[in-house]
Amino acid sequence: MRPSWSPGVTLAVRTFDRRTKGPTMIQVLHASHNGELYKRRVLSADDIADLIRETSLETLTNTAGIDFWFTPSTHRAHQRVNRSATELLLSTTRFAASNVPLMRGIVVLAAHDGAGELAGLSDAQINVLADTLRRLSWREDLVLSRRIARDRRSQLRATRTAAKAEAASMSWMA
């Protein structure tokens, strides 16, 4: 018997693994905020959102087909620069150290298939990514370090200014 559905409904198709009798998990690379890289297995973009700890996600894709999943959130937990993810983006794109976007918070790296659907990274892709990490030239390292330090100082300055403004607005209470 063929399944019936209405013409406007999209069906989610998942592949099943014969050994586990469940949906096939895909392998991603989790660039944590602490600078470490972890191999993780996920089922869908919802699992990636759980790893990032945010519901609003955006992706940035390089020419090699690697997707960088991150959040545009301005929440305090996502404001710190993720140097490992930024270095991976720098090494897999044509950006220079002076203009590479600074990746913030938790970043998940995955791939996509020809139809644009989420796909996992192979072990070979993960090994290539891990090998490119920390292989910046001394100039790229210097420029990136200065940009990150300047960003940190700018955030600290903004925090201090906001605290002073809040204290000034509450001075009428004294």
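Two strands pair if DSSP finds at least two bridges between them. That rule is used at several stops on this tour of a predicted model.

**Whole chain**

Start with everything shown and coloured by secondary structure. The protein has 4 helices and 8 strands. Following the sequence, the elements come in the pattern β-β-β-β-α-β-β-α-β-β-α-α. Of the 174 residues in the protein, 32% are buried. For contacts between residues at least 6 apart in sequence, 55% join residues at least 24 apart.

**Strand β7**

Select residues 107-112, which form strand β7. Is this strand enclosed or open to the outside? Buried residues account for 5 of its 6, so the rest of the structure largely encloses β7. In a regular strand, side chains alternate between the two faces of the sheet.

**The partners of β7**

Keep β7 selected and add its partners one at a time.

- Add residues 26-31, strand β3, which pairs with β7 in the antiparallel sense over 3 bridges. Within this pair, look for His-30, whose bridge partner in β7 is Val-108.
- Add residues 66-70, strand β6, also antiparallel to β7, with 4 bridges. Here Phe-68 has Leu-109 of β7 as its bridge partner.
- Add residues 118-119, strand β8, which pairs with β7 in the antiparallel sense over 2 bridges. Across this pair, His-112 stands opposite Leu-118 in β8.

**The turn between β7 and β8**

Now move to the hairpin of β7 and β8, where 5 residues lie between the strands. Which residue here takes a positive phi? Select Gly-116, whose phi is near 85 degrees.

**Helices α2 and α4**

Hide the strands and select residues 83-92, helix α2, and residues 138-169, helix α4. Two packed helices are described by the angle between their axes and the distance between the axes. For α2 and α4 the angle is about 135 degrees, and the axes are 12 Å apart. Angles over 145 degrees would count as roughly antiparallel and 65 to 115 as roughly perpendicular, so α2 is oblique to α4. The crossing of α2 past α4 is right-handed.

To see what makes the contact, show side chains on both helices. From α2, select Arg-83, Thr-86 and Glu-87. From α4, select Asp-141, Leu-144, Ser-145 and Ile-148. How many residues of this contact are nonpolar, polar and charged? The contact has 3 charged residues, 2 polar and 2 nonpolar.

Technical notes. Residues are numbered from 1 along each chain as its sequence is written. This is a predicted model: local features need pLDDT of at least 70, side-chain atom pairs count only at pLDDT 80 or more; totals for chains, interfaces and linings use all residues. Side-chain values use heavy atoms; hydrogens and water are left out. Axes are lines fitted to C-alpha atoms, for helices over the stretch in contact, and angles run from 0 to 180 degrees between N-to-C directions. Angles under 35 degrees count as roughly parallel, over 145 as roughly antiparallel, 65 to 115 as roughly perpendicular and the rest as oblique. A crossing is left-handed if the near helix is turned anticlockwise from the far one by less than a right angle, and right-handed if clockwise. Contact means heavy atoms within 4.5 Å. Ala, Val, Leu, Ile, Met, Phe, Trp, Tyr, Cys and Pro count as nonpolar, Asp, Glu, Lys and Arg as charged, and the others, Gly among them, as polar. Buried means under 20% relative accessible area, exposed over 50%, partly exposed in between (1.4 Å probe, protein chains only).
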